[in-house]
Amino acid sequence: MKETRSIMIVGVGGQGTLLASRILGGAVIRLGYDVKVSEVHGMSQRGGSVVTYVRYGDRVYSPIIDRGGADVILAFELLEAYRALPWLKPGGKILVNRQKMDPMPVITGAMQYPERIEEKLSAVADVTAIDALALAEEAGSIKAVNVVLIGLMAKQTDIPKEVWLDTIRTTVPPKFLDVNRKAFELGYAKA
Amino acid sequence: MKKLLLGNAAVAQGAYEAGVRFVSSYPGTPSTEITECMATYPEEEVFVEWAPNEKVAAEAAIGAAIAGGRAMTCCKHVGLNVMADPVFTDSYIGVGGGAVFVVADDPGMHSSQNEQDSRHYARAAKIPMLEPSDSAECLAFTKAAFDLSEEFDTPVFLRLSTRVSHSQSLVEIGGREDHPLKDYEKNIAKNVMMPAFAIKKHVIVEGRTQRLKTYAKTSPLNRAEDNGGKIGVITAGICYDYAKEALGDRVNYLKLGMVFPLPEELLRDFAGKCEKVYVIEELDPFLEDACRAAGIDVIGKQIFTLLGEYTPNGIRKAILGEDPAPSVAVEETIPGRPPVMCPGCPHRGTFYVLKKLGLTVSGDIGCYTLGAAAPLSSVDTTICMGASISAAHGMAKVRGKEFAHKLVSVIGDSTFIHSGITGLIDIVYNKGINTVIILDNSITGMTGHQDNPTTGLTIRKEPTRQIDLITLCRGVGIDRVTVADPFDVKEFEQVVRREIAADEPSVIIAQRPCALLKSVKYSGCASVDAEKCRRCGMCMKLGCPAISRDPGSGAIRIDRAQCNGCGLCQNVCPFGAIGKEGD
């Protein structure tokens, strides 16, 4: 390699973004790269915005990604993709789940959920949007949204498919392996 | 073997390899996982526990070290405030087996009530402090801390920050070293800190700091990187990584792994070789002040903020004047997504009732601090662990009986044991009439489900004697103790009305387990009967993230992906319009 590659994973607390970043981290070390994964636990898990950074390459210093520094933004929710937009590197790629989850200021009526987010993102960036929730349901569990999205992202990396599947096998509990493998394939096929 | 480890997990691995025998902590983000990870090592090798609070944890660790075993306690920055008393005096006593105090600061306040810089404690308590910048250093520095502790007869601080604790990077795993239990001998002059002995020990402590300074000059923990540049950067911890990312090999570095005491000579030698020297450190000008005191001209907080976390872009801009990479701007205002109580959270029922009754709510530290957020907006004050009860006592005494009858304290089960019980004793002893609501959700929720003395399980999930909150409250003199279910909102409201009206102190135990516990089995999903629903919005007042209003039609809708079927919204709907799917 090569320059450090920076992948930002954003979503809502409870959606399983941490597992996604751990699968990604686990996959890249199998290829011998240096890697740093930065998570924030605690308050942000309680339904708030959750941001995880994964950076890998020959030698990685900062565990965080700055504005304008993300090669890929993997978003578990539309509004969170929009919020993360300033972090995208020029020419970077946004992969987004079409799911919408109203944040509390929208629920209380203090603000409105922005309209046509997908359109706005596409106007300034290269965007692939999928309905990961439906695909997860097809795979057998709505909880597998994160692995559907991992599948979608897999093609944005130089990590071979077998490495991804092997990492998923060693990361998720055995009884959910079939669902997760199917979820990965469904996401992968959409990329 | 290289493994990708959280900084916190690497500290645990380092302590394990260093032969630690005793670890006692109270959970606190971002430090919690260290002690959780410790509990994954064999119990024959290391005794691990959750203590009721940080002071108890530190005292237990100090005792274990005096008794000859290597010992550790881990806390977040505000936890260090709680344990400060034994820590300052243990600086005088020193150790038998090595003692390490791990403290994790939270710049940016991801999960904290203040942004204190714990490095000041090192200087104030005259205890050496190491600061790693990634997981590999977390492991290595933890081991070094134990060795230093025994070599210099002092406890040693290991300072982390959120980004170090919660970032994963590669670590080389090693085996456990053999550090046999040291002999225990009665030594009154060393271990009894009464004035006659402490006066002599203070002299030893000052001498120790001088010896540590000499050590720091040549210690491999402090490392100069000469890249032939004219600019020098003095830094430590995560800021070293940010600086390397931002400035690469264009500048020289003095990376300090030991941030107290600082070797003035090393600082002066480094600065002398550079035309300009910057100090890069988050929060306070701790290293900067030390440089200035040593007569070194440095640039620090004139160009760097005292607030929050740093980033490589910010450093690049401040030092090189280079603007950050161009980024895409978002023109419209995006609604924020603050943390909220989870769907099914038992606290939601409590705050719904407290808001309805318009009470003054003295709050505490835990998930339920979120009771201050809209739309519940119920909590009036949050200070620190335990303050909900003691602060309410002060409020009631200064504003009188009428005010006290409209005032409640809310505190979690774990927080109550931590330091709420002493406030309750204050109320009983000093004839208060306050009502305290213990939010008993059967777990320490906020930090991610740790057991505590009220859960009946140890950190290793072994059954143990369970503290009974009712007996405990009665034991300190509370005659009025009521247990109520916060999801039975009508009954709960009656109980609160009755207890706040009483002219004696009372405790309400709001009992319902955290919805995220595996033992909690809510099922199904709520659904709105469009014919019965009058769109009054009563259910929206719960602030449940699964309930929202369709912006077009105004109809109430329930998000199936989020709803867990807890049933609270069914209980508050005045028209019986909410049922369960399939019912």
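A salt bridge, as I use the term in these entries, is a side-chain nitrogen of Lys or Arg within 4 Å of a carboxyl oxygen of Asp or Glu. I keep in mind throughout that the model is predicted.

**Entry: salt bridges between the chains**

I looked up the charged pairs first, and the structure holds 51 salt bridges over all chains. I then asked which residue of chain A pairs with D241(B). The partner is K36(A), whose side chain meets that of D241(B) in a salt bridge at 3.5 Å, taken from N to O. This pair crosses between chains, with D241(B) sitting in helix 11 (residues 238-247) of chain B and K36(A) in strand 2 (residues 34-38) of chain A. Are the two partners buried or exposed? D241(B) has a relative accessibility of 2% and therefore counts as buried, and K36(A), with a relative accessible area of 3%, is buried too.

I went on to R557(B), which forms a salt bridge with D102(A), the closest N and O atoms being 3.1 Å apart. R557(B) belongs to strand 21 (residues 556-558) of chain B, while D102(A) lies in the loop between strand 5 (88-97) and helix 3 (104-107) of chain A, so this pair also joins two chains. I noted that R557(B) is partly exposed, at 33% relative accessible area, whereas D102(A), at 14% relative accessibility, counts as buried.

**Entry: salt bridges within chain B**

Within chain B, I found the side chains of E581(B) and R560(B) meeting in a salt bridge of 3.5 Å, N to O. The two residues are 21 residues apart and belong to distant parts of the chain: E581(B) is in the segment after strand 22 (578-580), and R560(B) is in the loop between strand 21 and helix 21 (568-572). With a relative accessible area of 39%, E581(B) is partly exposed. I also traced one network, in which salt bridges that share partners join D105(B), D117(B), R119(B), E131(B), R159(B) and E281(B).

**Entry: the nonpolar cores**

I turned next to the nonpolar residues, remembering that in soluble globular proteins nonpolar side chains tend to be buried together. The largest nonpolar core has 84 residues, and the members that touch the most others are M38(B), M72(B), L130(B), L247(B) and I280(B). Which element gives the largest share of this core? Helix 7 (residues 135-152) of chain B does, with eight residues. I asked where the core lies with respect to the domains of chain B. Domain 1 (2-218) and domain 2 (222-320) both give residues to the core, so the core lies between them.

To see one of these members more closely, I listed the contacts of L247(B), leaving out residues up to four places away in sequence. L247(B) touches V233(B), Y253(B), I280(B), I315(B), I319(B) and L320(B). Apart from the largest core lies another, of 63 residues, which includes V361(B), Y368(B), I427(B) and F492(B).

**Entry: a nonpolar patch on the surface**

On the surface I found a nonpolar patch formed by I188(B), V192(B) and M194(B), which together have about 230 Å² of accessible area. M194(B) is placed in the loop between helix 9 (188-191) and helix 10 (195-218) of chain B, and at 43% relative accessibility M194(B) counts as partly exposed.

**Entry: helix 5 of chain B**

In helix 5 (residues 84-93) of chain B, I recorded A84(B), P86(B), V87(B), D90(B), S91(B) and I93(B) as buried. Just after this helix, G94(B) takes a positive phi of about 80°.

**Entry: backbone details**

I looked for cis peptide bonds and noted one from T29(B) to P30(B), with omega near 10°; P30(B) is in the loop between strand 2 (22-25) and helix 2 (32-38) of chain B. A cis peptide bond also joins A374(B) and P375(B), with omega about 5°, and P375(B) is placed in the loop between strand 14 (360-362) and helix 16 (387-399) of chain B.

I then checked for positive phi values in residues other than glycine. K126(B) has a phi near 60° and lies in the loop between helix 6 (119-125) and strand 6 (129-130) of chain B; its relative accessibility of 25% makes K126(B) partly exposed. R535(B) has a positive phi of about 60° and lies in the loop between strand 19 (526-528) and strand 20 (547-549) of chain B, where R535(B) is partly exposed at 41% relative accessible area.

Key
Residues are numbered from 1 along each chain as its sequence is written. Chains are lettered from A and ligands numbered from 1 in the order in which they are written. This is a predicted model: local features need pLDDT of at least 70, side-chain atom pairs count only at pLDDT 80 or more; totals for chains, interfaces and linings use all residues. Side-chain values use heavy atoms; hydrogens and water are left out. A nonpolar core is a set of buried Ala, Val, Leu, Ile, Met, Phe, Trp, Tyr and Cys residues joined through side-chain atoms within 4.5 Å. Buried means under 20% relative accessible area, exposed over 50%, partly exposed in between (1.4 Å probe, protein chains only). Helices (H or I, at least four residues) and strands (E, at least two) are DSSP runs, numbered from the N terminus. Domain bounds come from an automatic or database domain assignment. Contact means heavy atoms within 4.5 Å. Patches are made of residues with over 30% relative accessible area and no salt bridge: like charges are joined within 9 Å, nonpolar side chains (Val, Leu, Ile, Met, Phe, Trp, Tyr) within 5 Å. Accessible areas come from the Shrake-Rupley method with a 1.4 Å probe; for residues, only the protein chains shown count as cover.
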